[in-house]
Amino acid sequence: MTAVTGLILVSSENPALVRQLLAKTRQVADGLGWQVAVVSLEVEAAPDCIVMGSAGADIVYTFPGVPDMTGNPEAVTSALSALIEQAEPDLVLLGATKLGMEVAPRLAERNRAAYAAWTTGFEIDPVTHAVTAACMLYAGMGSVTYRFKSRPALLSVAAGVFEARISPRKPARLVEMAAQAGTPRIKVTGYQPKKTGSARLEEAKMVLDVGQGVKQREDLGMIQSVADLLDGQLSCSRPLASDRDWFPDWLGLSGKKVKPILCLTVGTSGAVQHLVGIRDSRLIVAVNMDENAGIFLQADYGVVADLYQFLPAFAERLKARRVKPCWEV
Amino acid sequence: MKILVLIKYSLDISEIKVDPISRELRLAGVPEKIGNIDRNAVEAALRLREKSGGRVQVLCLGPEVARDGFREVLAMGVDEATLVVDPFGGLAEASVAVRILEAAIRKLGYFDLILNGFASDDGYTYQTGPRLAERLNLPLVSYARQLSVTDEVLKADRDLEEHLQSVEVSLPALVSVAEEAFPPRRTTLMDALNAKKKPVSLWTLEAELGLSKAALEQEQEVESSTRTGIVVFRKQQMFKGLSPLEAADRVIDALLQDGALKGAG
């Protein structure tokens with residue numbers, strides 16, 4: 001069976017990421033007269049076809065009856081693999097979550113599809129339908145453009161690359177797929193919740209980013225009070241979360257990526273893996289004692305100072321001058 | 001227990017420079033070494049061997065010079081190393097690299113456990129583990145921490161976004177370890193001397209694996225074009241030698257000017 005029109009398939013277990021992928025694929029599909037389908041990995045509740053429709057989907061595929069599907073990459077791979085075979089999409093976009101990053105290369109092998117990771121943009125040629133994708137290279141130091149020779153093309157896209165857009169459209173059509181039988185080879189024996197950040201870092205307009213220049217945990221109170229003055233969220237580079245266990249999340253390649261109006265980064269060195277997390281900030285102010293710190297090359301404003309002297313002074317002057325962040329009413 | 005660890009000779013990406021005008025990525029002279037995450041995978045293997053006995057081998061697809069990097073992991077306690085000399089100079093796409101690794105693993109023989117880092121230090125795309133799981137038809141435990149093996153059953157915690165997921169799987173299996181999950185041990189001069197006696201094999205695609213570079217090239221599924229460095233233009237305005245209060249005022253002035261702050265001024 002050959003699809004009459006082109007089809008783009010979108011899937012992630014992260015609902016916010018699904019909406020971002022749908023918005024971008026809707027835009028591309030409209031230009032080509034193609035359809036967009038979303039694969040819902042939720043099994044607990046039926047997907048809301050009105051919401052999915054207005055997020056950009058024409059079709060919602062579900063796999064009812066697979067318990068804890070998102071906890072089992074093998075099950076997700078089998079389900080998507082069968083769906084790809086049946087629906088013959090031209091392009092498949094997966095969220096670059098831990099689940100997505102495992103499932104995408106598995107699908108590439110199982111369905112003999114070409115795959116490119118960490119996509120930041122893509123195009124489909126209106127005549128040849130060839131897919132080209134711009135992807136992150138060397139952990140974000142560079143970018144490479146791939147041209148796919150075969151279909152379907154598989155891409156993984158991180159949260160925050162595309163922007164969600166809701167517009168009134170007709171509800172998506174629900175299609176229930178038969179669950180793939182088979183006993184999972186990996187047995188899940190339990191879950192242990194990790195501390196998760198309650199702060200919605202990705203949506204913060206101001207982020208105060210702290211690095212290893214902060215000496216002790218008790219100092220975070222003083223730093224938090226500066227963030228509070230600017231309606232900001234506190235976050236950190238990886239060692240503060242993974243080694244010192246001060247924060248549940250960190251900013252960077254393997255952590256969260258933020259795009260605030262203002263990022264104030266203090267005591268960070270400027271390692272590329274960390275920079276990827278704050279690079280999309282509109283303005284970056286860096287404070288470091290070392291004049292040669294790499295972070296200064298990535299900052300709009302660099303202050304060579306001891307953060308323990310600068311931050312209290314900064315707070316004092318913000319208050320004295322009655323300055324507010326631009327987004328506050 | 002026979003354990004194989006896949007290691008990668010990786011670029012130190014913090015040393016990659018980007019030409020600000022041409023946006024060319026300058027890779028010449030960028031140092032390479034066995035990646036941090038790969039040494040974590042080696043450490044995980046050695047700890048399992050300490051508990052269960054057995055043998056730990058490493059396999060690497062990389063340039064001939066990667067052999068120098070083996071010294072470090074052999075000193076850590078690895079028993080034997082195999083290098084498949086990469087005819088693509090590190091630029092083969094993941095599907096092709098995995099074909100080569102698969103052929104090498106099959107030639108090396110049976111392993112109870114194959115370990116690797118979940119993503120290489122330089123490429124960072126996490127494809128080797130999942131692709132090999134498919135090609136070798138082995139269960140994969142991804143993002144693993146806290147490994148243990150009892151009676152042919154591997155227990156592990158998978159480090160996911162919002163929780164740790166505890167899993168069990170019967171061997172043989174593939175395991176991709178999480179970053180910094182197994183900090184590598186320090187080695188002594190004695191370890192380094194002992195390492196010199198350990199066997200290191202150099203394999204080529206054609207002679208030992210019976211693969212052909214031309215045939216593998218045919219199978220590349222994407223054409224890569226323009227590789228450019230990412231340049232984010234920043235003002236890079238520096239404030240130094242100022243008192244903290246002066247510096248604070250200058251930053252506030254700048255942010256008012258840029259419209260990020262507003263107020264009486």
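Author: Two strands count as paired if DSSP finds at least two bridges between them. With that in hand, let's walk through this structure, which is a predicted model.

Reader: Glad to join you! How many bridges join strand 7 of chain B to strand 13 of chain B?

Author: These two strands run parallel, and strand 13 covers residues 200-203 of chain B. One partnership to look for is B:V84 with B:W203. The pair meets the requirement of at least two bridges, because strand 7 and strand 13 of chain B are joined by four bridges.

Reader: Which helix does the chain pass through between strand 6 of chain B and strand 7 of chain B?

Author: Strand 6 (residues 55-62) and strand 7 (residues 80-85) of chain B run parallel and share six bridges. Within that pairing, B:G62 has B:V85 as its bridge partner. The connection is a right-handed β-α-β crossover, and its helix, residues 66-76 of chain B, is helix 2.

Reader: Is helix 3 of chain B roughly parallel or oblique to helix 4 of chain B?

Author: Their axes come within 10 Å and cross at roughly 55°. Angles under 35 degrees count as roughly parallel, and those from 65 to 115 as roughly perpendicular. The crossing falls in neither range, so helix 3 of chain B stands to helix 4 of chain B as oblique.

Reader: And how many charged residues does the contact of helix 3 of chain B with helix 4 of chain B have?

Author: Helix 3 of chain B passes helix 4 of chain B in a right-handed crossing. Helix 3 brings residues including B:V98, B:L101 and B:E102, while helix 4 brings B:R131, B:L132 and B:R135 among them. By class, the contact has six nonpolar residues and two polar ones, and the charged residues number three.

Reader: Let's turn to the two chains together. Which element of chain B supplies the largest share of the side that touches chain A?

Author: The contact involves 70 residues of chain B and 74 residues of chain A. On the chain B side, 34 residues are nonpolar, 18 polar and 18 charged. Elements supplying at least two residues include helix 3 (94-108), strand 9 (140-150) and strand 11 (163-170) of chain B. The largest share, 10 residues, comes from helix 7.

Reader: Which residue in strand 16 of chain B stands opposite A:P325?

Author: Strand 17 of chain A, residues 323-325, pairs with strand 16 of chain B over three bridges. The two strands run in the antiparallel sense. Opposite A:P325 you will find B:L261.

Reader: Which strand of chain B stands at an edge of the open sheet of six strands?

Author: The order is 13(A)-12(A)-14(A)-15(A)-16(A)-15(B), with parallel pairing. Inside the sheet, strands 14 and 15 of chain A pair over five bridges, with A:T265 opposite A:A286. An edge strand has a single partner, so one side is left without a neighbour in the sheet. That holds for strand 13 (233-236) of chain A and, from chain B, strand 15.

Reader: One more, please: what is the average twist from one strand to the next in the open sheet of four strands?

Author: This antiparallel sheet has the order 6(A)-7(A)-8(A)-14(B), and its edge strands are strand 6 (119-124) of chain A and strand 14 of chain B. Strands 6 and 7 of chain A pair over five bridges, with A:G121 opposite A:A134. From one strand to the next, the twist averages 20°.

How values were computed: Residues numbered from 1 in each chain as written. Chains lettered and ligands numbered in written order. Predicted model: local features only at pLDDT ≥ 70, side-chain atom pairs only at ≥ 80, totals over all residues. Contact = placed C-beta atoms within 7 Å. Nonpolar A, V, L, I, M, F, W, Y, C, P; charged D, E, K, R; others polar. Axes fitted to C-alpha atoms, helices over the stretch in contact; angles between N-to-C directions. Parallel < 35°, antiparallel > 145°, perpendicular 65-115°, else oblique. Left-handed = near helix turned anticlockwise from the far one by under 90°. Right-handed = clockwise from strand over helix to strand, strands pointing away.
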